[in-house]
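Biologist: Could you take me through one part of this model in close detail? I would love to look at the ligand site and hear what surrounds it.

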Amino acid sequence: MKKSRNYSIYFLLVLALMFVVIILQFVGAKNTVTRTTYNLGQLETDLQNGNITAAIIYQNQETPTGAVRVRTSDEQDLTLYVTDVTEVEDLLISYNVYPSVSDVARDNSLMANIIPIVIVLIIVAFVFVMLNNAQGASAGGSRMMNFGKSRAKLSNSDDNKIRLDDVAGLTEEKEQLAEIIEFLKSPGKFIKLGARIPKGVLLEGRPGTGKTLLAKAVAGEAGVPFFTISGSDFVEMFVGVGASRVRDLFEEAKKNAPCIIFIDEIDAVARRRGTGMGGGHDEREQTLNQLLVEMDGFGTNEGIIVMAATNRVDILDPAILRPGRFDRKITVSPPDVGGREAILKIHARNKKLGDDVDLKQVAQTTAGFTGADLENLLNEAAINTAMADRSFTNKEDIQKAFINVGIGVEKHSHIITDKEKKITAYHETGHAILFHVLPDVGPVYTVSIIPTGAGAAGYTMPLPEKDEMFLSRNRMLEDIMVSLGGRIAEEIIFGDITTGASSDIKKATHEARNMVTKYGMSKNIGVINYDEEEEDVFIGYDIAHNKKHSELMSGEIDKEVKAIIDACYKKAKEIILEYQDVLHKSAELLIEKEKIGRDEFEALFEGHEIPEDFNMEI
Ligand code: ADP
Ligand code: MG
Ligand code: ZN
């Protein structure tokens, strides 16, 4: 479809009309300046003083209300509105001023006639623009009203100027998308080899991390048309509209293949089914069902890639993540220092920065900011510059903006202080060292102190695990030690501990309890199942205290759990103390870079022999 809609002309039209209205009002206003200040009492005084030379009464035909215009002896025309013109007429006559009478107030007639016309014109123009807009990309026909048609906006390959270079940081995310771009560029190559390309890619991440931007960049890079629709556009008040929109959207897309369909904020339609109450959710379920049907319906290599974005992957219907639907999930994470600097550089391209602005330093002080926050920061700074009538943004503008934007950031995530950063760095390193050193867990894939959307201050991620049929006792003990590692590192370095380890502790305790009560892995209790909770979970009311064992046994179990935790704690602490130099080096590196990968982390162990086996006597 060609670029046929040029809205600017309508805008100009509306602006011109508004201009006319304002001018008219202004012209009209010249005669009316004195109206508000003149009243009946003043008229009477003027009459008594013989100040009135002439008068006209503009009678309103249907009611006694009307206007009286009088001319004073100093040649001023004054108008006053009255509820009963006859009363004023009598008053004037009693002072020997004989008014002439006119029908309707003439000075208003121009305005009175033109304003409705103008308003109608504006409304017509507005409706026209809206309809045109709503019609959107639906195949360019002349359908003015078609509720069922997709609301998707089609942007053509030449219109989309966004490239991967415009997306800063996000290297891993971009790598994961490379094959999609390649496929869209030359689908033939893949089809010939019988390769199956994912149909759907789900981008997941906090708001403002650049998901929408990334999707646009993929389309721009591949040079294919890009249909974008927001999840909420599907959910309309008319039942069935959402589903038919989906159908129409896919139909259009097929005509334009290869192309991308981008569903922003998919959680609006793809929420877990059957959780809502009342009938209002039928519509959404129908829409979701239709979406699933469409995705199942088109062949893998038809050249349509459905991309979707959400910040709430946890509330999505699991059906959507099945193979053949959104079979690729990409987590878009908030930027690390390097990423933040790169994002700042991109958004500084069209701004004038003074030479006292050091973007690297700005990046260092904005831990916790997303791409959108950073863009906002530079924008606010530029506004501060303009307000101060300067031509370059200086350091102070940015500092001022930081306060404003920072409050917003603090609301949705958290601005991290240097102290917190340091604690998190040691905490995560504590986990990471144990992952690396202990034989049955790890190796470490990434260590990060960038806060996650889920509220954690950082994370240490081992390489994706092999699916193991069962866990050995040693493996479980090592897991517990890893969980305790964060807390131990804090204790060693700061001599103080924080509340940040609560979920670690919970995890360790849970695991230790399972060892004792479920798996018969403790020394003194033996191979008996004392696990009392889980079977009762589905019975609504509380029968959990229906214990299968005595109070005495409960005490024994608790003792055993404590023994396991204590022993793990002791052993883990020994290990971390042994690698204290690594602990410091890694924490420092993390503070500097916020995220380190496997190679960087393992390089820190140079000079250490890692023993093959540990004596896990516990
Ligand atoms: P999301 O869809 O994840 O909520 P957006 O893609 O809408 O986030 O991002 C909002 C804005 O923030 C973008 O328009 C862009 O200006 C800026 N932004 C976010 N991430 C980046 C990034 N990695 N590089 C450059 N700009 C970014
Ligand atoms: Mg978005
Ligand atoms: Zn932890």
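Modeller: Happy to; here is the surroundings of ligand 1, followed by a brief look at the zinc ion (ligand 3). This is a predicted model, in which local features need pLDDT of at least 70 and side-chain atom pairs count only at pLDDT 80 or more, while totals for chains, interfaces and linings use all residues. Residues are numbered from 1 along each chain as its sequence is written, chains are lettered from A and ligands numbered from 1 in the order written, and side-chain values use heavy atoms, with hydrogens and water left out.

Around ligand 1 there are 17 residues, of which A168, G208, K211, T212 and H347 come nearest (a residue is near if one of its heavy atoms lies within 4 Å). By type, this shell holds seven nonpolar, six polar and four charged residues (Asp, Glu, Lys and Arg count as charged; Ala, Val, Leu, Ile, Met, Phe, Trp, Tyr, Cys and Pro as nonpolar; the others, Gly among them, as polar).

Oxygen atoms of ligand 1 lie 3.1 Å from a polar backbone atom of G210, 3.3 Å from a polar backbone atom of A372 and 3.0 Å from a side-chain N or O atom of E375. The protein buries 81% of the 560 Å² that ligand 1 exposes when taken alone (Shrake-Rupley method, 1.4 Å probe). Two or more shell residues come from each of α7 (211-222), α12 (337-348) and α14 (371-387).

As for the zinc ion (ligand 3), H427 (NE2), H431 (NE2) and D504 (OD) coordinate it at 2.1 Å.

Definitions and conventions: Polar contact = N/O pair within 3.5 Å; in protein donor to acceptor, adjacent residues only side chain to side chain. Helix = DSSP H or I, 4+ residues; strand = E, 2+ residues; numbered from the N terminus. Donors = N, O, S within 2.8 Å, 3.2 Å for Na, K, Ca; no water.
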